[in-house]
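Thanks for coming. I have one protein to show today, and I will go from the overall picture down to single residues. Please have a look at it first.

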Amino acid sequence: KTYFIEALPFSKTPSFALASDVVVHENSGFTEIVNFASNISEPQGVLQVMEGFTVAIPAGDERLFSTLPQVYLNGSLIFAVEPFEYGEVVVTVSLALASD
């Protein structure tokens, strides 16, 4: 008799919480918000490491920034507003595990 064994990877997506919406003034320049991302949970029992945060900005909305938003694994958010630009943008923040 022949039978198959399939071992599926256990990969729980890391989780996190974000602070409330961010409001800055036109020409405010560089901004750093400490603990913007919090309660960052690493998956337990997984032999993978967190790769980092990804910040997705809709096409065309990059014009609002001289330094695009980045979120670091310590939870800090940094960005710089382009001089004389204003508006609002919805960004998507995700956290991924490093791939093999």
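I will start with the fold as a whole, then take the core, the pocket and a few residues one by one.

What you see is a predicted model. How many helices and strands does the protein have? There are 0 helices and 7 strands. Read from the N terminus, the order of elements is β-β-β-β-β-β-β.

The chain has 100 residues, and 25% of them are buried. The accessible surface comes to about 7,500 Å², with 54% of that area belonging to carbon and sulfur atoms. Now the contacts. If we take those with a separation of 6 or more, residues 24 or more positions apart account for 62% of them.

Next, the core. In soluble globular proteins, nonpolar side chains tend to be buried together. Here the largest nonpolar core has 14 residues. Which of them have the most contacts inside this core? They are Phe53, Phe65, Val71, Leu77 and Phe79. Four elements give two or more residues to the core, namely β4, β5, β6 and β7. On the sequence, β4 covers 50-56.

Phe53 deserves a closer look. Leaving out residues up to four places away in sequence, Phe53 touches Phe16, Ala37, Ile40, Val71, Tyr72, Leu73, Val93, Ser94 and Leu95. Val71 in that list is also one of the core residues I just named.

Now the largest pocket. About 670 Å³ of space lies in it. It is lined by 26 residues, and Val22, Val23, Phe65, Phe79 and Val89 are the closest to its centre. Phe65 and Phe79 we have met already, in the core. By class, the lining has 19 nonpolar, 3 polar and 4 charged residues. Two strands, β5 at 65-71 and β6 at 77-81, each supply at least two residues of that lining.

Let us go through some single residues, beginning at the N-terminal strand. Leu18 is found in strand β1. Its relative accessibility is 38%, so it counts as partly exposed, since that class runs between 20% and 50%. Setting aside residues up to four places away, Leu18 touches Phe36, Ala37 and Val93. Ala37 was also on the list for Phe53. Leu18 and Gly75 are 57 residues apart in sequence, yet their C-alpha atoms are 8.8 Å apart in space.

Asn27 lies in the loop between β1 and β2. It is partly exposed too, with a relative accessible area of 41%. Beyond four places in sequence, Asn27 touches Val81, Pro83 and Phe84. From Asn27 to Ala80 is 53 residues in sequence and 8.9 Å from C-alpha to C-alpha.

Thr31 lies in strand β2. Is this residue buried or exposed? At 13% relative accessibility, Thr31 counts as buried, because the limit for that is under 20%. Leaving aside its neighbours within four places, Thr31 is in contact with Val24, Leu77, Ile78 and Phe79. Leu77 and Phe79 are again residues from the core.

Where is Ser76? In the loop between β5 and β6. Ser76 is buried, with a relative accessible area of 4%. Not counting residues up to four places away, it touches Glu32, Ile33, Val34, Asn35, Gln70 and Val71.

Thr92 is found in strand β7. Beyond four places in sequence, Thr92 touches Thr54, Val55 and Ala56. The C-alpha atoms of Thr92 and Ile57 are separated by 6.8 Å, although the two are 35 residues apart along the chain.

Last, the backbone. Most residues other than glycine have a negative phi. Which way does Asn35 go, positive or negative? Asn35 has a positive phi of about 60°, and it is not a glycine. Asn35 lies in the loop between β2 and β3, and it is one of the residues that Ser76 touches.

Phe84 is another case, with a positive phi of about 65°. Its place is in the loop between β6 and β7. Phe84 is exposed, with a relative accessible area of 65%, which means it passes the limit of over 50%. Phe84 is also one of the residues that Asn27 touches.

That is the end of my list.

Key
Residues numbered from 1 in each chain as written. Predicted model: local features only at pLDDT ≥ 70, side-chain atom pairs only at ≥ 80, totals over all residues. Heavy atoms only, no water. 1 Å grid on protein atoms, 1.4 Å probe; cavity = no way out; pocket = protein on both sides within 12 Å on 5 of 7 lines; lining within 4 Å. Points joined across faces, edges and corners; volume = space filled by probe spheres on them. Nonpolar A, V, L, I, M, F, W, Y, C, P; charged D, E, K, R; others polar. Buried < 20%, exposed > 50% of the residue type's maximum accessible area, 1.4 Å probe, protein only. Contact = heavy atoms within 4.5 Å. Areas by Shrake-Rupley, 256 points an atom, 1.4 Å probe, with all protein chains shown as cover. Core = buried A, V, L, I, M, F, W, Y, C linked by side-chain atoms within 4.5 Å.
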